[in-house]
Amino acid sequence: MKKKLLLFAAVVMASAAGLNAQKSATISVRASEGTEIIPKEIYGHFAEHLGTLVYGGLWVGEGSALPNVNGYRSDVLQALKDLKVPVLRWPGGCFADEYHWMDGIGPRAERPKLVNTHWGGTVEDNSFGTHEFLNLCEMLGAEPYVSVNVGSGTVQETAQWVEYMTSEGDSPMANMRRANGREKAWKVKYLGIGNENWGCGGNMRAEYYADVYRRYATYARNYDGNRLYKVAVGPSEDDYHWMEVLMREAGSRMNGISLHYYTVTDWSAKGSATQFDNDHYYYTISRTRYMDEMLQKHIAIMDRYDPSNRVGLLVDEWGTWWDEEPGTVRGHLYQQNTMRDAMVAALNFDMFHKYTRRVKMANIAQIVNVLQSMILTNAQGGMLLTPTYHVFKMYSVHQDATYLPLDISCDWIDGGQRAIPLVSATASRNAAGVVHISVSNVDATTPQTVSINLPGVNARNATGEILTSGAINDHNTFENPDKVKTAPFRGARIERGVLTVTLPAASIVTLALN
Ligand code: AHR
């Protein structure tokens, strides 16, 4: 009840008169109430055979003129190692339901060349396949998350793929893997049974897919100590019927169920990634905040069928989707990334953390050169880190830490689709007992002073970093790759148990309290 009152009291719409005056807000961290761990998998990624993500972005091949480690692009590899990628989903996306894994094993020169019909009609030479993906995961220290082909594949294909990757036995698939140069089985934890089977994965009805899921999941076996975490295809956005049917018909046979939601302002005219005004920015934020309502409603359905909270909700595709950059190949989904995207990332993390009891993984779409990516590359050897990359890095302190619930009292603004709070935050305590807090000033034009009450937290200093830039549409280019970057934050002080931070317009801060 108290929480409800706080929320309503906070809905004070920004008046025109107050727009440029400094605003203030308060946050109360309920530091003694933390019970849930924020799984590091919430910071997961997604790599589809799409555009220049795999070919050019991750993989250039051993013969490339670009510096590479066994064919993986060296600069990208290092940037991803720095990011601590916990889990990587592959090979799609829509591509997964057209992918036949046996095309991607054996000597590379002998692998068939195909047309990637889904994404721009590009030639797929299959030089990046199962070995290349699983070896990359090992190099990054990331859990592999493999999505199998349900839409146009067979149960046998899935069963054999799992055997090929994970069996140590004297069996046909394990022996084929050995003949292809890999003696020891890999550990593969996450197995997605299809992708968007309500759409590009076969246009199935929920009732039909639930049975298909049960069939595929039956033959995806656990070999030699490898324990699969089987993920059913879940709803698109707010399709609560799909969630209801899947949980009812197959909930007891799955470990997790997915949810896909993209921050799109208009599917028929997505808009430029870099050219937008403040109204469009706030509209984007309001579309992003819809995630909160969807998580709440999907989780309520899951709670009815799975009261013991066994099944995880995996938001395995999320992020912004804008027009492709002018001059790039249609269907390759190559888009720029601004401070607006950074804000979308920070707010999504804050929402995933809030529902961390159920949300066990999230995978932003996608890791390099596609949609809201971490990294952009070009064929000449250019590479840049996007503002979204910096948010992932700053927020990484919350991985595997205990979520500390908090209440925010701040101004709200009309975002078009819904009113949006102008402050968002996450607090957590790590295994060493250090409390970290991330706070965002969503306001595009006005600084805010935020007072953070921290009862029970004994800290004298708050140190950390800020991500902000002169304009909300600032972004990094190959010519100016550091226009948007993090900087040490000097606007924090702690007095009598209250942390006060002054945040510039459109900024994101993460602090460690010592
Ligand atoms: O991420 C791009 C596409 O979006 C994926 O292939 C698909 O699953 C979703 O519709």
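# Exercises on strands, helices and loops

In strand S23, Gln 448 is the bridge partner of Lys 23. The exercises below use a predicted model.

**Exercise 1. Describe the open sheet that holds S2 and S23, from one pair of strands out to the edges.**

Solution. Begin with the pair. Strand S2 covers residues 23–29 and strand S23 covers residues 448–453; the two run parallel and share six bridges. Next, place the pair in the sheet. The sheet is open, has five strands, and follows the order S18-S2-S23-S27-S26. Its pairing is mixed. Then find the edges. Strand S18 (406–409) and strand S26 (492–495) each pair on one side only, and these are the edge strands. Last, from one strand to the next the twist averages 20°.

**Exercise 2. Describe the closed barrel, then one pair of strands in it and a helix that lies across two of its strands.**

Solution. The barrel has eight strands in the order S3-S6-S9-S10-S11-S12-S13-S14, with parallel pairing. On average, neighbouring strands are turned by 30° against each other, with direction ignored. Now take one pair. Strand S12 (residues 256–263) and strand S13 (residues 312–320) run parallel and are joined by seven bridges. Within this pair, Tyr 262 is opposite Gly 319 of S13. Finally, add the helix. Helix H6 (residues 206–219) lies across strand S10 (190–193) and strand S11 (229–232), and runs at about 160° to S11.

**Exercise 3. Check whether the span of helix H8 agrees with its number of residues.**

Solution. Helix H8 is made of 28 residues, 278–305. The expected span is 1.5 Å times one less than the number of residues. For H8 this gives 40 Å, and the C-alpha atoms at its ends are 42 Å apart, so the two values agree. Then look at the start of H8. There, a side-chain oxygen of Asp 277 comes to within 3.3 Å of the backbone nitrogen of Asp 279.

**Exercise 4. Describe how helix H3 packs with H4, and how H9 packs with H10.**

Solution. Two values are needed for packed helices: the angle between the axes and the distance between the axes. For helix H3 (residues 130–140) and helix H4 (residues 155–166), the axes cross at roughly 50° and come within 12 Å. This angle makes H3 oblique to H4. Their crossing is right-handed. In the contact, Thr 130, His 131 and Leu 134 of H3 meet Trp 161, Tyr 164 and Met 165 of H4.

For helix H9 (residues 339–354) and helix H10 (residues 387–395), the angle is about 35° and the axes are 7 Å apart. H9 also passes H10 in a right-handed crossing. The residues of H9 in this contact include Ala 342, Ala 345, Ala 346 and Phe 349, and those of H10 include Val 391, Phe 392 and Tyr 395.

**Exercise 5. Locate two cis peptide bonds and a residue with positive phi that is not a glycine.**

Solution. One cis bond runs from Gly 92 to Gly 93, with omega near 15°. Gly 93 lies in the loop between strand S6 (87–90) and strand S7 (114–116). Another cis bond joins Ala 365 to Gln 366, with omega about -10°. Gln 366 lies in the loop between strand S14 (359–364) and strand S15 (375–377). The positive phi, about 50°, belongs to Glu 237. Glu 237 sits in the loop between S11 and helix H7 (240–250).

Technical notes: Residues numbered from 1 in each chain as written. Predicted model: local features only at pLDDT ≥ 70, side-chain atom pairs only at ≥ 80, totals over all residues. Heavy atoms only, no water. Helix = DSSP H or I, 4+ residues; strand = E, 2+ residues; numbered from the N terminus. Polar contact = N/O pair within 3.5 Å; in protein donor to acceptor, adjacent residues only side chain to side chain. Pairing = 2+ DSSP bridges. Axes fitted to C-alpha atoms, helices over the stretch in contact; angles between N-to-C directions. Parallel < 35°, antiparallel > 145°, perpendicular 65-115°, else oblique. Left-handed = near helix turned anticlockwise from the far one by under 90°. Contact = heavy atoms within 4.5 Å.
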